[in-house]
Amino acid sequence: MKAYRAAILRFATDREPRHSAIYEEDGLLVVGSDPHGTQVVQAVGPYLALKDQFPGVPVEHLPGRILAPGFVDLHIHFPQTNVIGSPADGLLPWLENYTFPEEKRFAAPEYSAQAATFFIAELLRNGVTTALSFATSHTESVDALFTQAQAQHLRLITGLCLMDRNAPAEVLNRAALDGSRNATEQSLIDSETLIQKWHGQDRLGYAITPRFAPTCSDAQLRGAGELAAKYPDVWIQSHVSENKDEISWARELFPASSSYLATYADFGLMRERAIYAHCIHFDDDDRKLMRDTGAAAAVSPTSNLFLGSGFFDYAGADRIGFRYGLASDVGGGTSFSPFHTMLAAYYVGREGQTKPGLSLSPQHLWWQHTFGAAQALGLSGQKGQPAVGNLRVGCEADFVILNPQATPLLARRTAQAGSLDELLFAMIVLGDDRLIERTVISQAI
Ligand SMILES: [Zn+2]
């Protein structure tokens, strides 16, 4: 066992609002192995109350530092690291001119491997300890990302990108080499093979990954839904209702469905553990469909602002009551940093011209990128599942050590904070990777 003495931020699970934070000015976090050999939180609370309960356990004293849960990124594209900051006239030209040309390089195993190494290091540098990521339509990209995440003990979920139409040939799924199966059949067989190879290995999980309905045939979406029924503890990830041109296209391709979102439900792709990025242009029928199926939204504010896609309606989501959490959506998103994403979520919440504007509290913003996102993934400790995104007893010991004096302005501004919300908001507004002094990952022993 090992203990850390510092200020500690975590989230309550037994009070309203659900994003209520608990903050110990002088706290103790004790971590050690659970019966499976995974490093988890053994005790957490005020230093004075706990210090005599763990004699002999070494204590690392971190004065002036804050321990906080590792961040959970609900939606990111590992093959788009090199696409950040590409100028384009909205989503569809951005895909065509930048994203697809980069993604075709991931057919090469060595290209995928070096990109995966950089990507995992960048997540950890920014304090992200759990990520749900897209790969490309090449199995090589999936193997490369899982291999590197496993080596770094990161909790990572990814899957083969399913796309069998409406994109350049090099980024579509491939037919069997011997010609015995077409690309659609082969993509579904490859997905099942990858589930059996990687899902549940160490901290890895598989996500069935239709890119978005317009790049998938009916047969591919139907096959994806059959896989989702066969493997209920596997995740599902896709995109929905990001951009009005995309919505019109999806409605033309799937006219029998009652909405773009309903297309996924019609193919059996909405359930718990299904995460849909964006969810911007929803009506209440869509919101109820999210709530009733247990699917969750990956709110991607830097991406939505960068591509001018629109503004996620927090008031609408809370009025109907479906789950959501925050995501970077790199490379449509502009930063790996959870601080930039939380600040952009605040801007999106404030926007009041296209939907009701509101001021999301700093605790709510932080919760969306930690325990709220973990709940959306089904990784909050319910039903015997692992718990991440929080620092209560039993949670996997993934956390960040924050240095609020990392820059002169951060030091000056956080010293003036008169409340927890003021402290958290100063870090959200001024923070970046410099605020993350260290990222600690739970390691099996
Ligand atoms: Zn995306």
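Modeller: A donor is an N, O or S atom within 2.8 Å of the metal (3.2 Å for Na, K and Ca); water is not among the atoms, so a site may look incomplete. This is a predicted model: local features need pLDDT of at least 70, side-chain atom pairs count only at pLDDT 80 or more, and totals for chains, interfaces and linings use all residues. Residues are numbered from 1 along each chain as its sequence is written, and side-chain values use heavy atoms, without hydrogens and water.

Biologist: What makes residues protein donors of the zinc ion here?

Modeller: Distance. His75 (NE2), His77 (NE2), His239 (NE2) and Asp329 (OD) lie 2.0 to 2.4 Å from the zinc ion, so they fall within the 2.8 Å limit. Along the chain the donors follow H-x1-H-x161-H-x89-D.

Biologist: Why is the site of the zinc ion called irregular?

Modeller: The angles among its four donor atoms run from 86 to 170 degrees. Tetrahedral needs all angles between 85 and 135 degrees; square planar (four donors) and octahedral (six) need opposite donors over 155 degrees apart and all others between 65 and 115; anything else is irregular. The value of 170 degrees rules out tetrahedral, and the site is classed as irregular.

Biologist: Now the helices. What makes α5 roughly parallel to α6?

Modeller: Helix α5 (residues 183-198) and helix α6 (residues 218-230) pack at about 20 degrees, with axes 9 Å apart. Roughly parallel means under 35 degrees (over 145 is roughly antiparallel, 65 to 115 roughly perpendicular, the rest oblique), so α5 and α6 qualify. Their contact (heavy atoms within 4.5 Å) includes Ser187 and Leu188 of α5 and Gly223 and Leu227 of α6. Four of the contact residues are nonpolar, five polar and two charged.

Biologist: Why are α3 and α4 called oblique?

Modeller: The axes of helix α3 (residues 109-125) and helix α4 (residues 139-152) cross at roughly 40 degrees and come within 8 Å. That angle fits none of the named ranges, so α3 and α4 are oblique. Among the residues that meet are Ala116, Phe119 and Ile120 in α3 and Ala144 and Leu145 in α4. The contact has nine nonpolar, five polar and one charged residues.

Biologist: How do you know that α12 and α16 are roughly perpendicular?

Modeller: Their axes cross at roughly 105 degrees and come within 7 Å. The angle lies between 65 and 115 degrees, and α12 and α16 are therefore roughly perpendicular. Phe339, Met342, Leu343 and Tyr346 in α12 meet Phe425, Met427, Ile428 and Val429 in α16.

Biologist: How do the residues of that contact divide by class?

Modeller: Eight are nonpolar, with no polar and no charged residues. Nonpolar covers Ala, Val, Leu, Ile, Met, Phe, Trp, Tyr, Cys and Pro; Asp, Glu, Lys and Arg are charged; the others, Gly among them, are polar.

Key
Axes are lines fitted to C-alpha atoms, for helices over the stretch in contact, and angles run from 0 to 180 degrees between N-to-C directions. Helices (H or I, at least four residues) and strands (E, at least two) are DSSP runs, numbered from the N terminus.
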